[in-house]
Amino acid sequence: MKLTNLNQALILILAFVGIIFSTSCKQMSTSIRPDFKSDSLVAHFDYFTYTGNDDFYNENPLPGDDYYYNPIIPGWYSDPSICTNGEDYFLVTSTFSYFPGVPIFHSTDLMNWKQIGNVLNRPEQLPLEGQGISRGIFAPAISYNPHNKTYYMITTNMLGGNFLVKTTDPFGDWSDPIWLPEVHGIDPSLFFDDDGKAYIVNNDEPDGGSTYQGHRAIRGIEYDLETDKTVGKSIMLVNGGVDLSEKPIWIEGPHMYKINGSYYLMCAEGGTSVNHREVIFKSTKPFGKYTPWDENPMLTQKHLSPERELPITCAGHADIIQKDNGEWWSVFLACRPIDNKFENLGRETFMMPVRWGKDGYPYMTKGDEVVPRIIRMEGVKRDSSITFGNFTKNDEFDAATLGMEWLTVRGNAAGLYSLAENPGYLNLKCADVAANELKVPAFIGRRLQHHKFESTSAMYYSPNSETESAGMLIMKNEQHQYLMVVEKIDGQTAISVKKVGATTLDVVSSETIILHDEQIRLKIASNGYEFSFYYALGDDDWKLIADKVDASFLSTARAGGFTGTTIGMYASAKEFSFE
């Protein structure tokens, strides 16, 4: 368009400014409450931000664009398993009782990973009813069969046993579960041999039963790919672990490989805490005699000084893969506790090169070697569009569906939230469920990925009764949580910070507030050791409501379990009860 005078130019400039202003005023104008639909017992969340600010990343910038940070996938992404079709790499991790289940990541170079979906994204694939946070889906294993060009994911659901799902397109949907009633125990994995045969290896009882606490075995059974059924009987391949005389515990997470004509069986041993380690065995046939490497473990940090700087602990539960250039790499879980005391991040996915001994066994660490926090992958360039180190994620709830970082508990929370009812807001209904029940709460959360972080949200919400509340929840499990919620106390609207324990609900701090339909802003910050809780009404400045709140209460060291900590938005119409 040709402009004929200055007035026309000014009109266009003002129109452009108006567009920019209208897209940003959603968070800026917090004093005027929109006219929401279906407002009863609903909290309307405007946005949610998460910012990580760990000292390590600030103090240790990557020295070049062919370096990456460990963990390669930060936050609670445990029990990694990996496969390749020769060009693409796919990686999956455990989700226990969260929904959707088993996130799947894709890479073309092993360094740059992007989540492309979840393997178990439908309720019929993922029954989780009544299970605690650390039950549900254990140790998924992904594999690719070049003979039928099909991908398989096999895993354990603690509610129903072992099963697999499959697809020819890992970017799309996966099949309904194919249950495997003959495969007992946990942690199954599929191996495809050169001759087209398939085998399942898994953790189970030893022949004759266990003789001590933690005594387990690795067993194998043939699998028919045409009928999707097991063939024959299960055979014990490893009894107890590397050396039965030492009474090794919890051998699990097996993977079988065929490399240079030999069969390798790689397993985790020692439990998932600080004694965790990865061990390797070799045989001349799939179900032959497996000989342990005389220099096992092939990966561990268990014997290192607890006083070491920036410790990585609990390393194990690994999988290995060969790149097209011949290099072998490993993925495994490990933890990064603060001062070797505790962490709220859970077990994370690490990656490092595999080396080979003269005797033909692979290994990742030897002697007093530590798992490195920064690694170079020569010939690969880091993708700047993929998050590394410290980052900020902001969700304005403008999309039609939740982003892949969001999780619910024990189900898809259908009917408890909506992104469509009031576009630009996440509507969260006050469910008749409290966050400590073994049901589906109105909770939309994401993983913590940094020791130091800050999360903010804002909502329009006014409680109608003293059983209703809405706000933010930070949760490790049913018995270890902190809430920051708006509620009614003695007829007055208040904002409260509460500690949810095994038998009590303790009020950390509470303040009466006066609402005039303005937005309520919420913030939770952490320095790794402690949480701080803030709120603000409308455009007011942040006000500290609770400070120096013990973060270790949500750590695995205190709370146990297999997950990390999640943080997000919560609403309930039910009081907590402890029976």
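The second largest pocket is a good place to start: its volume is about 690 Å³. Of the 24 residues lining this second pocket, those closest to its centre are F105, W113, Q115, T387 and K393. Two elements, β7 (114–120) and β31 (442–447), give two or more residues each to that lining. By type, the lining residues of the second largest pocket split into 14 nonpolar, 5 polar and 5 charged. Keep in mind as you look around that this is a predicted model.

Now for the largest pocket, which holds about 800 Å³ of space. Its lining is made of 32 residues, and Y144, F191, F192, Y257 and I321 lie nearest the centre. Several strands chip in: β3 (81–84), β8, β12 (186–192), β16 (252–259) and β21 (313–322) each supply at least two lining residues. Which of them gives the most to the lining of the largest pocket? That is β16, with 5 residues. The lining of the largest pocket comes to 17 nonpolar, 9 polar and 6 charged residues.

Here are the two pockets side by side.

| Pocket | Volume | Lining residues | Make-up of the lining |
|---|---|---|---|
| Largest pocket | about 800 Å³ | 32 residues | 17 nonpolar, 9 polar, 6 charged |
| Second largest pocket | about 690 Å³ | 24 residues | 14 nonpolar, 5 polar, 5 charged |

**A four-stranded sheet**

Strand β8 (residues 137–145), one of the suppliers of the largest pocket's lining, also belongs to an open sheet of 4 strands. The order in that sheet is β8-β9-β10-β11, and the pairing is antiparallel. At the edges sit β8 and β11 (178–179), each pairing on one side only. In general, strands of a sheet pair through backbone hydrogen bonds, either parallel or antiparallel.

Let's walk across the sheet. β8 pairs with β9 (residues 150–157) over 7 bridges in the antiparallel sense, and I137 has N157 of β9 as its bridge partner. These two strands make a hairpin with 4 residues between them, where K149 takes a positive phi near 50°. Next, β9 pairs with β10 (residues 161–167), again antiparallel and over 7 bridges. This is a hairpin too, with 3 residues between the strands. N157 turns up here as well, standing opposite G161 in β10. Last comes the step from β10 to β11, which run antiparallel and are joined by 2 bridges; L164 has I178 in β11 as its bridge partner.

Is β9 covered on one face or on both? As a strand it is mostly covered, with 8 of its 8 residues buried. In a regular strand, side chains alternate between the two faces of the sheet. For β9, both faces are covered: T150, Y152, I154 and T156 are buried on one side, and Y151, M153, T155 and N157 are buried on the other.

**Rings meeting rings**

The model has 36 aromatic pairs. One of them involves F138 and F562, with ring centres 5.7 Å apart and planes at 85°, so this pair is edge-to-face. F138 lies in strand β8 and F562 in the loop between α3 (556–559) and β40 (566–572), so the pair ties together parts that are 424 residues apart in sequence. Are the two rings' residues buried or exposed? F138 counts as buried because its relative accessibility is 11%, while F562, at 29%, counts as partly exposed.

Y482 and F531 form another edge-to-face pair, at 5.8 Å centre to centre with 75° between the planes. This one links distant parts of the chain as well: Y482 is in strand β34 (residues 480–489) and F531 in strand β38 (residues 530–537), 49 residues apart. Y482 is buried, with a relative accessible area of 2%, and F531 counts as buried at 0% relative accessibility.

The story of Y482 and F531 goes further, since ring pairs link Y50, F391, F453, Y482, F531, F533 and F553 into a cluster.

**Charges over rings**

Two arginines also deserve a look. R373 lies over the face of F56, at 4.1 Å from the ring centre. R447 lies over the face of W76, at 4.7 Å from the ring centre.

Technical notes:
Residues numbered from 1 in each chain as written. Predicted model: local features only at pLDDT ≥ 70, side-chain atom pairs only at ≥ 80, totals over all residues. Heavy atoms only, no water. Buried < 20%, exposed > 50% of the residue type's maximum accessible area, 1.4 Å probe, protein only. Pairing = 2+ DSSP bridges. 1 Å grid on protein atoms, 1.4 Å probe; cavity = no way out; pocket = protein on both sides within 12 Å on 5 of 7 lines; lining within 4 Å. Points joined across faces, edges and corners; volume = space filled by probe spheres on them. Nonpolar A, V, L, I, M, F, W, Y, C, P; charged D, E, K, R; others polar. Phe/Tyr/Trp six-rings, centres within 6.5 Å; stacked < 30°, edge-to-face > 60°. Lys NZ or Arg CZ within 6 Å of the ring centre and 35° of its normal.
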